[in-house]
Amino acid sequence: MKFLKIASPYLYVSMVVFVVFHNTGYQIERMIQVPYVLYIVLALVSFFVIRSVIQHSTDTDHS
């Protein structure tokens, strides 16, 4: 379970990046367009949110 807590934010970001990469036709140049950059930025924000929620839940479990 500890592995899942550590890996889940990374798995989420990698999934979003893969979907964006697939939707751009596997062309890195197209990933630089505004909507795709926005998706990746939102995924990175979600990464930090997921990490903080997991850390907060583990902190409250140990209290």
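Where is the place of Phe48? Here are some notes from a friendly read-through of this predicted model.

1. **Phe48.** To settle the opening question, Phe48 sits in helix 2. Its relative accessibility is 52%, so Phe48 counts as exposed, the cut-off being over 50%. If you would like a distance to check in your viewer, take Phe48 and Ile28: they are 20 residues apart along the chain, and 24 Å separates their C-alpha atoms.

2. **Overall fold.** The protein chain contains two helices and zero strands. Its radius of gyration is 15 Å, whereas the globule rule gives 11 Å for 63 residues, so the chain is more spread out than a compact globule. Along the principal axes, the C-alpha atoms fill a box of roughly 50 × 20 × 10 Å.

3. **Burial and surface.** Of the 63 residues in the protein chain, 19% are buried. The accessible surface of the chain is about 5000 Å², and carbon and sulfur atoms account for 71% of that area.

4. **Contacts along the chain.** Taking contacts in the protein chain between residues at least 6 apart in sequence, 49% of them join residues at least 24 apart.

5. **The core.** The largest nonpolar core has five residues: Val16, Val20, Met31, Tyr36 and Ala43. Helix 1 (2-23) and helix 2 are the elements that give two or more residues to this core. Tyr36 is a good member to look at up close. Setting aside neighbours within four places in sequence, Tyr36 is in contact with Val20, Asn23, Thr24, Arg30 and Met31. Two of these partners, Val20 and Met31, are listed in the core as well.

6. **The surface patch.** On the outside, there is a nonpolar patch formed by Ile32, Val37, Val41, Val45, Val49 and Val53. Together these residues have about 500 Å² of accessible area. One of them, Val45, lies in helix 2, which spans residues 34-62. Val45 has a relative accessible area of 47%, so it is classed as partly exposed, below the cut-off of over 50% for exposed.

7. **Tyr26 in the loop.** Please also have a look at the loop between helix 1 and helix 2, where Tyr26 is found. Tyr26 is not a glycine, yet its phi is positive, at about 60 degrees. With a relative accessible area of 45%, Tyr26 is partly exposed.

Note on methods:
Residues are numbered from 1 along each chain as its sequence is written. This is a predicted model: local features need pLDDT of at least 70, side-chain atom pairs count only at pLDDT 80 or more; totals for chains, interfaces and linings use all residues. Side-chain values use heavy atoms; hydrogens and water are left out. Patches are made of residues with over 30% relative accessible area and no salt bridge: like charges are joined within 9 Å, nonpolar side chains (Val, Leu, Ile, Met, Phe, Trp, Tyr) within 5 Å. Accessible areas come from the Shrake-Rupley method with a 1.4 Å probe; for residues, only the protein chains shown count as cover. A salt bridge is a side-chain nitrogen of Lys or Arg within 4 Å of a carboxyl oxygen of Asp or Glu. Helices (H or I, at least four residues) and strands (E, at least two) are DSSP runs, numbered from the N terminus. Buried means under 20% relative accessible area, exposed over 50%, partly exposed in between (1.4 Å probe, protein chains only). A nonpolar core is a set of buried Ala, Val, Leu, Ile, Met, Phe, Trp, Tyr and Cys residues joined through side-chain atoms within 4.5 Å. Contact means heavy atoms within 4.5 Å. The radius of gyration is taken over C-alpha atoms; the globule rule is 2.2 Å times the number of residues to the power 0.38.
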